[in-house]
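Visitor: I have a model open in front of me and would like to learn how to read it. Could we go through it together?

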There are 2 protein chains.
Amino acid sequence: MPALARAPAQVQAAEEPGKAEATRQSILEAAARIFRRDGYSAARLTDIAAEIGMKAGSLYYHFGSREALVEAVMEVGTRRTHQAVLDALAALPAGAGALARLETAIERHLIMVLAQEDIASATIKLIWQAPAPVREKVLAEQRAYGALWRGLLEGARAAGAIRPDLDLSVTRMAIMGALNWSADWYRPGRLTPEEIAHDVAAMVIGGLAPRP
Amino acid sequence: MPALARAPAQVQAAEEPGKAEATRQSILEAAARIFRRDGYSAARLTDIAAEIGMKAGSLYYHFGSREALVEAVMEVGTRRTHQAVLDALAALPAGAGALARLETAIERHLIMVLAQEDIASATIKLIWQAPAPVREKVLAEQRAYGALWRGLLEGARAAGAIRPDLDLSVTRMAIMGALNWSADWYRPGRLTPEEIAHDVAAMVIGGLAPRP
DNA sequence: GTCTATACGCTGATAGAC
DNA sequence: GTCTATCAGCGTATAGAC
């Protein structure tokens with residue numbers, strides 16, 4: 001079979017960013033910025049388009065609807081946060097203990113949310129604002145991420161680092177709450193994302209530990 | 001000055017619930033239910049009115065606008081939660097320590113959010129969904145509530161119950177996040193609000209404690 | 001006080017020129 | 001690919017009957 005001189009346009013676009021793909025990306029970024037700033041209901045397609053010097057109608061060449069757009073934003077946000085935490089865990093030394101892994105995950109997740117990552121923090125903010133169908137899809141995708149956390153907590157419990165009277169589901173949700181709420185209240189300034197991440201991680205880890 | 005046989009209608013309405021006042025109350029409750037279920041943008045005045053067998057237009061006899069309605073819901077929610085926590089604190093024995101006070105506040109706040117209190121949990125859910133002007137007003141009202149928590153944390157720190165390296169503002173927001181996020185994920189069933197409140201309180205208190 | 005009927009504005013979405 | 005119309009739908013809000 002002779003090699004094709006050039007892959008079909010569609011495939012090419014999927015592989016290396018052609019113009020359409022690049023535009024799609026900047027639309028996603030712009031949408032994340034506006035959605036994050038205004039919330040789901042107040043964000044208008046006009047504002048999003050204007051953010052990158054386009055007109056609202058043009059967005060429809062790249063996305064089928066407003067809902068498809070939010071969904072895409074949240075899908076990327078979910079995947080990106082998941083991947084960042086996985087990477088951080090992979091970067092740990094081989095012998096890292098369960099607590100070190102949990103601590104790493106907490107800090108990395110929080111930094112994704114705080115460090116100007118519009119897509120990550122917009123995603124968190126939008127989860128409970130988006131229309132139910134979108135929310136369901138995203139939550140389904142987040143199950144894998146949730147499973148990662150469940151594993152981390154079970155590992156910590158097996159290592160004796162979690163007091164036996166705590167329910168692990170409640171624990172997990174309380175942790176996610178402490179982390180995700182920061183997407184709303186955080187304003188750059190007094191403390192760095194790293195400082196905040198450290199404090200929260202310290203609190204959580206300490207809170208899980210069995211009473212001496 | 002001879003006593004009036006009957007107070008003017010307006011004053012009467014403000015003092016003891018006349019019909020208008022009673023209706024106003026049930027509108028607030030209905031609105032909280034719908035807003036909590038659907039979120040700010042998806043909740044329609046038609047749905048709210050229908051919830052209590054009214055027509056959308058009739059709501060305008062009681063509230064000037066959709067925004068005025070959400071604002072009223074959130075105002076009541078804020079006040080009611082604040083008051084519930086104050087009451088719980090007041091019910092403690094006189095000699096209760098700083099940690100016991102903090103623990104009580106955590107549990108009471110969480111129970112307000114979880115125990116089918118539509119107005120309290122709708123308020124939390126709406127804070128970051130409502131239009132900016134409404135949010136600003138509500139946040140302003142919540143400053144007093146925030147001050148209560150700041151006092152609780154400072155008291156705990158003075159009592160030596162909080163490790164010195166934790167920033168109290170970050171701590172406070174992390175706690176509120178862990179508590180408030182529950183308004184979104186909690187579904188009645190497996191665990192009671194009390195059980196959840198206990199777990200979260202235990203985690204938080206433990207997390208603040210100085211490392212031995 | 002609540003209804004019905006309607007006006008109004010706004011925004012998501014489409015069609016076709018370029 | 002992006003623009004310029006333009007439409008359609010919906011939900012808030014108003015006016016007036018009852």
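Guide: Gladly! Let us begin with one side chain: A:Arg80 is partly exposed, with a relative accessible area of 31%. Please keep in mind that this is a predicted model.

Visitor: Is A:Arg80 buried, exposed or partly exposed, and how do I turn the area into a word?

Guide: A residue counts as buried under 20% relative accessible area and as exposed over 50%, with partly exposed in between. A:Arg80 has 31%, so it is partly exposed. You will find A:Arg80 in helix α4 of chain A, which covers residues 66–90.

Visitor: Which residues is A:Arg80 in contact with, beyond its neighbours within four places in sequence?

Guide: Setting those neighbours aside, A:Arg80 is in contact with A:Glu29, A:Met112, A:Glu117 and A:Ile119. Take A:Ile119 as an example of how the fold brings positions together: A:Arg80 and A:Ile119 are 39 residues apart in sequence, and their C-alpha atoms are 8.6 Å apart in space.

Visitor: What does chain A look like as a whole, in helices and strands?

Guide: Chain A has 10 helices and zero strands. Its C-alpha trace spans about 65 × 50 × 35 Å along the principal axes. Of the 212 residues of chain A, 49% count as buried. For the contacts, take pairs in chain A at least 6 apart in sequence: 70% of these join residues at least 24 apart.

Visitor: Let us move to chain B. How do I judge whether a helix such as α7 of chain B is straight?

Guide: Check its end-to-end span and then its local bend. Helix α7 of chain B, residues 132–158, has 27 residues and reaches 37 Å from its first C-alpha to its last, close to the 39 Å expected. Even so, α7(B) bends by about 35° at B:Arg143. Just after the helix, B:Gly160 takes a positive phi of about 80°.

Visitor: What do the buried residues of α7(B) pack against?

Guide: The buried residues of α7(B) include B:Val134, B:Val138, B:Tyr145, B:Leu148 and B:Trp149. The partners of the buried set are α4 (66–90), α5 (98–114), α8 (168–180) and α10 (193–208) of chain B. You can look at the packing from the other side too: B:His82 lies in helix α4 of chain B, and B:His82 is in contact with B:Ala144, B:Tyr145 and B:Leu148, leaving aside its neighbours within four places in sequence.

Visitor: Is B:His82 buried or exposed?

Guide: B:His82 has a relative accessible area of 17%, so it counts as buried. Its C-alpha is 9.8 Å from that of B:Ala105, and B:His82 and B:Ala105 are 23 residues apart in sequence.

Visitor: And what about a polar side chain that is buried: where does the side chain of B:Ser182 reach?

Guide: B:Ser182 is buried, with a relative accessible area of 1%. The side chain of B:Ser182 reaches the backbone oxygen of B:Leu179 at 2.5 Å. B:Ser182 lies in helix α9 of chain B, residues 182–185. Leaving aside its neighbours within four places in sequence, B:Ser182 is in contact with B:Leu110, B:Val113 and B:Leu114.

Visitor: Now the DNA. Which residues come nearest to DNA strand C?

Guide: There are 15 residues around DNA strand C, and A:Arg44, A:Tyr60, A:Arg66, B:Ser58 and B:His62 come nearest. Next, see which part of the strand is involved: of the atoms of DNA strand C within 4 Å of the protein, 78% belong to sugar or phosphate and the rest to bases. Then look for polar pairs. A side-chain N or O atom of B:His62 is 2.7 Å from a phosphate oxygen of DNA strand C. The backbone takes part in such pairs too: a backbone N or O atom of A:Leu45 lies 3.1 Å from a phosphate oxygen of this strand, and a polar backbone atom of B:Lys55 is 2.8 Å from one.

Visitor: Which residues come nearest to DNA strand D?

Guide: Of the 15 residues around DNA strand D, the nearest are A:Ser58, A:His62, B:Arg44, B:Tyr60 and B:Arg66. A side-chain N or O atom of A:Ser58 is 2.4 Å from a phosphate oxygen of DNA strand D, while a polar side-chain atom of B:Arg44 lies 2.5 Å from a phosphate oxygen of DNA strand D. By class, the surface near DNA strand D has six nonpolar, six polar and three charged residues.

Key:
Residues are numbered from 1 along each chain as its sequence is written. Chains are lettered from A and ligands numbered from 1 in the order in which they are written. Side-chain values use heavy atoms; hydrogens and water are left out. A residue is near a molecule or strand if one of its heavy atoms lies within 4 Å of it. A polar contact is a pair of N or O atoms within 3.5 Å; within protein, one must be able to donate a hydrogen and the other to accept it, and residues adjacent in sequence count only if both atoms are side-chain atoms. Helices (H or I, at least four residues) and strands (E, at least two) are DSSP runs, numbered from the N terminus. The expected span of a helix is 1.5 Å times one less than its number of residues. The bend at a residue is the angle between axes fitted to the seven residues ending there and the seven starting there. Buried means under 20% relative accessible area, exposed over 50%, partly exposed in between (1.4 Å probe, protein chains only). Contact means heavy atoms within 4.5 Å. Ala, Val, Leu, Ile, Met, Phe, Trp, Tyr, Cys and Pro count as nonpolar, Asp, Glu, Lys and Arg as charged, and the others, Gly among them, as polar.
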